[in-house]
Amino acid sequence: MDSTYIASFGHTRALAPDFIDVASSGNLASREKILEILKSPPYSRNLERYSILYRPPELVEVVVNSTFVDRMLTAFSFTPPTAKPFVKEYISKFDIDNVVLLISAKILKKQIELVEPRLITIKGMPASFDLGLIQRSEYLELLKKDSLESLYEGLYRHERLSALRDLPSAERGNVYAVKKALESSYYSRLLSSFKFYNGNEWQIRSFLKSLIDIRNMMNIIKCTDSGIKFDDYLIDGGSLTKREIIERFSNQDMEKITENSGFELKKELELYKDDGLVGRFEMKMREELLNRYYQVFRANPMSIGDLLWYILRAEDEKTAIIEGWYNVEN
């Protein structure tokens, strides 16, 4: 491999000590512990910046999300030119999260102040440094739109969101349909953008397919929980075809679905029976997947796997801290 690539991939490996151990029961055991984490690098700078404007829980979300974006900018700055399209496509998933948040907020008539801290965006970056995310100022303008239709018109200008144009009017207020349209387009672009830069990264393509599998499993679980058919909400590109998924999971209850998911979800199923929360299924499946692939990516040194490892660790830490804040008792 070219020495410039070795240097680029090596930078993110050198930043590994910056991450906290999110699996440790002590680190996220209380809100006090979480606030202590935010008082230390790399979070402390954003905590100081936003403490004047926000109070918890909004402060926690904006600090964690801003630090996550800082890390994405770091990863992108170390990305070799030929790998930038793939990294940019992967990071663009957070625009989907933002758009779904905006549309949900408009449907539920939520105030801007409750939505803005949850956005994962960049602020005023120079055009020469294009991370690919829609800028925060534009999202704030979109939040001010007076109707759902005017919000959609503002989103159409972005090619990455063009899948929204094909949504029938009757489905534009259906968050399931919106997310499915955007995710189908996203995963198609992501798989197309991936190249074998070093010749030995087939595991990364396998990982991307597994991400689609988890997305499909969550669509099955959410639809089953809501009492609707999941057939129309499946995404192409995973290890199973849509037909195989329908044959395997149709007409099954939640117990059978989780049992046949390929993941160990018994504990999550029991908790679901008590409180009806489905989000923990996704967290557990992602945790299992990452535990499997973290070692794979790190065992393949100085490759795009290093960059992906860094991005995934940052994403995992972001989610763990925010979920931890809302899950602890105090």
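What follows is a walk through two helices and one pocket of this structure, which is a predicted model.

Helix H2, formed by residues 31-38, has as its buried residues Ile 34, Ile 37 and Leu 38. When the helix is viewed down its axis, these buried residues fall within an arc of 100 degrees, and so they line one face of H2. Among the elements that cover the buried residues of H2 are helix H3 (44-50), helix H4 (58-77) and helix H16 (304-327).

Helix H8, which spans residues 136-143, can be read in a similar way, and here Arg 136, Glu 138, Tyr 139, Leu 142 and Leu 143 are buried, where buried stands for under 20% relative accessible area. Around the axis they cover an arc of only 160 degrees, which puts them on the same side of H8. The cover over the buried residues of H8 includes H4, together with helix H6 (93-108), helix H7 (112-115) and helix H9 (148-155); H4 is also among the elements that cover the buried residues of H2.

Turning to empty space, the second largest pocket holds about 230 Å³, and its lining consists of 17 residues, of which Asp 213, Met 217, Ser 239, Ser 261 and Phe 263 lie nearest the centre. Two or more lining residues come from each of helix H11 (202-226), helix H12 (242-249) and helix H15 (279-298), and H11 gives the most, with six residues. Sorted by class, the lining of this pocket comprises eight nonpolar residues, six polar residues and three charged residues.

Definitions and conventions:
Residues are numbered from 1 along each chain as its sequence is written. This is a predicted model: local features need pLDDT of at least 70, side-chain atom pairs count only at pLDDT 80 or more; totals for chains, interfaces and linings use all residues. Side-chain values use heavy atoms; hydrogens and water are left out. Buried means under 20% relative accessible area, exposed over 50%, partly exposed in between (1.4 Å probe, protein chains only). Helices (H or I, at least four residues) and strands (E, at least two) are DSSP runs, numbered from the N terminus. The arc is that of the directions from the helix axis to the C-beta atoms. Contact means heavy atoms within 4.5 Å. On a 1 Å grid over the protein atoms alone, a cavity is a set of points where a 1.4 Å probe fits but cannot get out, and a pocket is an open set with protein on both sides within 12 Å along at least five of seven lines; lining residues have an atom within 4 Å of a point. Grid points are joined across faces, edges and corners, and a volume is the space filled by probe spheres set on the points. Ala, Val, Leu, Ile, Met, Phe, Trp, Tyr, Cys and Pro count as nonpolar, Asp, Glu, Lys and Arg as charged, and the others, Gly among them, as polar.
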